[in-house]
Amino acid sequence: MSPVRRLRRFRRAELPVDTVELARFLIGKVVVRNLKFGRLIGRIVETEAYPIGDVAGHAFRGKTPRNGSLFLERGHAYVYFGYGSSFLLNVSSERPGVGGGVLLRAIEPLEGIERMVRWRGKTKPADIGRGPGRLTKAIKVDLHQDGSDLCAPGPLWLGATTQATGAIGKSVRIGLTRNAQRLLRFYERGNPHVSGPKRLRQ
DNA sequence: TTGGCGATTGGCT
DNA sequence: GCCAATCGCCAAT
């Protein structure tokens, strides 16, 4: 864990206009959650791309009330409730009207760790933001944030610090049955906050 | 109207 | 590592 230096929010123009490129780009960047009590910051260490035409993606069958945020211009939040238990946070990733998203699968806590631990309950430090459902629980994200602009000042946004990013690994995505063979998962190699089995973390 | 299933988690072996 | 819990979505009835 290291102090957060020279934190700045992204302008939308800085985000790649392509789902897979954005998924890779976001490794090592940070997600900032502003709450009444203060600020929570997590460093993104694992993502998955759900590009245009991907049968495993929620945008595949077209726009519905549930997945509408995936069709917003890149840099908006798409949050959904999965498996009857967890909220999952995505970043919309294509042009307006085109469906695509990047799932944020894991963060390394940088700021507000005590608060994250309180909301997560009893857990190992490495597990605070390790997994997409744990991540949202740690930074208090739910359906209220669905559709919000992550490139605007406000309760939830994406940014960068000066901290260097380690080697980036690439693998199959986790937990899929359809279209499971494509290498669309990105992660910082060896980072203990990355989810999945050991072979998918190194 | 209904049944199967999923971008998961936590507890137990 | 395995498995049950949990519930909204959607395709098929």
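**Close-up views of chain A with DNA strands B and C**

**View 1. The fold of chain A in the predicted model.** The secondary structure of chain A comes to three helices and nine strands, in a model that is predicted. Read along the sequence, these elements follow the pattern β-α-β-β-β-β-β-α-α-β-β-β. The radius of gyration of chain A is 15 Å, close to the 17 Å that the globule rule gives for 202 residues, so chain A is as compact as a globular protein of that length. The C-alpha trace of chain A spans about 40 × 40 × 35 Å along its principal axes.

**View 2. Inside and outside of chain A.** Of the 202 residues in chain A, 51% are buried. Among the contacts in chain A with a separation of 6 or more, 62% join residues that are 24 or more positions apart in the sequence. On the outside, chain A exposes about 9500 Å², and carbon and sulfur atoms supply 53% of this area.

**View 3. The surroundings of DNA strand B.** DNA strand B is surrounded by 20 residues, and the closest of them are Tyr80, Tyr83, Asn90, Gly133 and Arg134. Of the atoms of DNA strand B that come within 4 Å of the protein, 51% belong to sugar and phosphate. Strand S5 (86-92), strand S6 (101-111) and helix H3 (132-138) each supply at least two residues of the surface near DNA strand B, and the residues of this surface divide into nine nonpolar, eight polar and three charged.

**View 4. Polar contacts with DNA strand B.** At the phosphates, a backbone N or O atom of glycine 133 lies 2.6 Å from a phosphate oxygen of DNA strand B, while an N or O atom in the side chain of arginine 120 is 3.2 Å from a phosphate oxygen of this strand. At the bases, a backbone N or O atom of tyrosine 83 lies 3.5 Å from a base nitrogen of DNA strand B.

**View 5. The surroundings of DNA strand C.** Around DNA strand C stand the residues Arg61, Thr64, Arg66, Phe81, Tyr83 and Gly84, and 75% of the atoms of DNA strand C that come within 4 Å of the protein belong to sugar and phosphate. The residues of the surface near DNA strand C divide into two nonpolar, two polar and two charged. A polar side-chain atom of arginine 61 lies 3.4 Å from a phosphate oxygen of DNA strand C, whereas a backbone N or O atom of tyrosine 83 lies 2.5 Å from a base oxygen of DNA strand C.

Terms used: Residues are numbered from 1 along each chain as its sequence is written. Chains are lettered from A and ligands numbered from 1 in the order in which they are written. This is a predicted model: local features need pLDDT of at least 70, side-chain atom pairs count only at pLDDT 80 or more; totals for chains, interfaces and linings use all residues. Side-chain values use heavy atoms; hydrogens and water are left out. A residue is near a molecule or strand if one of its heavy atoms lies within 4 Å of it. A polar contact is a pair of N or O atoms within 3.5 Å; within protein, one must be able to donate a hydrogen and the other to accept it, and residues adjacent in sequence count only if both atoms are side-chain atoms. Helices (H or I, at least four residues) and strands (E, at least two) are DSSP runs, numbered from the N terminus. Ala, Val, Leu, Ile, Met, Phe, Trp, Tyr, Cys and Pro count as nonpolar, Asp, Glu, Lys and Arg as charged, and the others, Gly among them, as polar. The radius of gyration is taken over C-alpha atoms; the globule rule is 2.2 Å times the number of residues to the power 0.38. Buried means under 20% relative accessible area, exposed over 50%, partly exposed in between (1.4 Å probe, protein chains only). Contact means heavy atoms within 4.5 Å. Accessible areas come from the Shrake-Rupley method with a 1.4 Å probe; for residues, only the protein chains shown count as cover.
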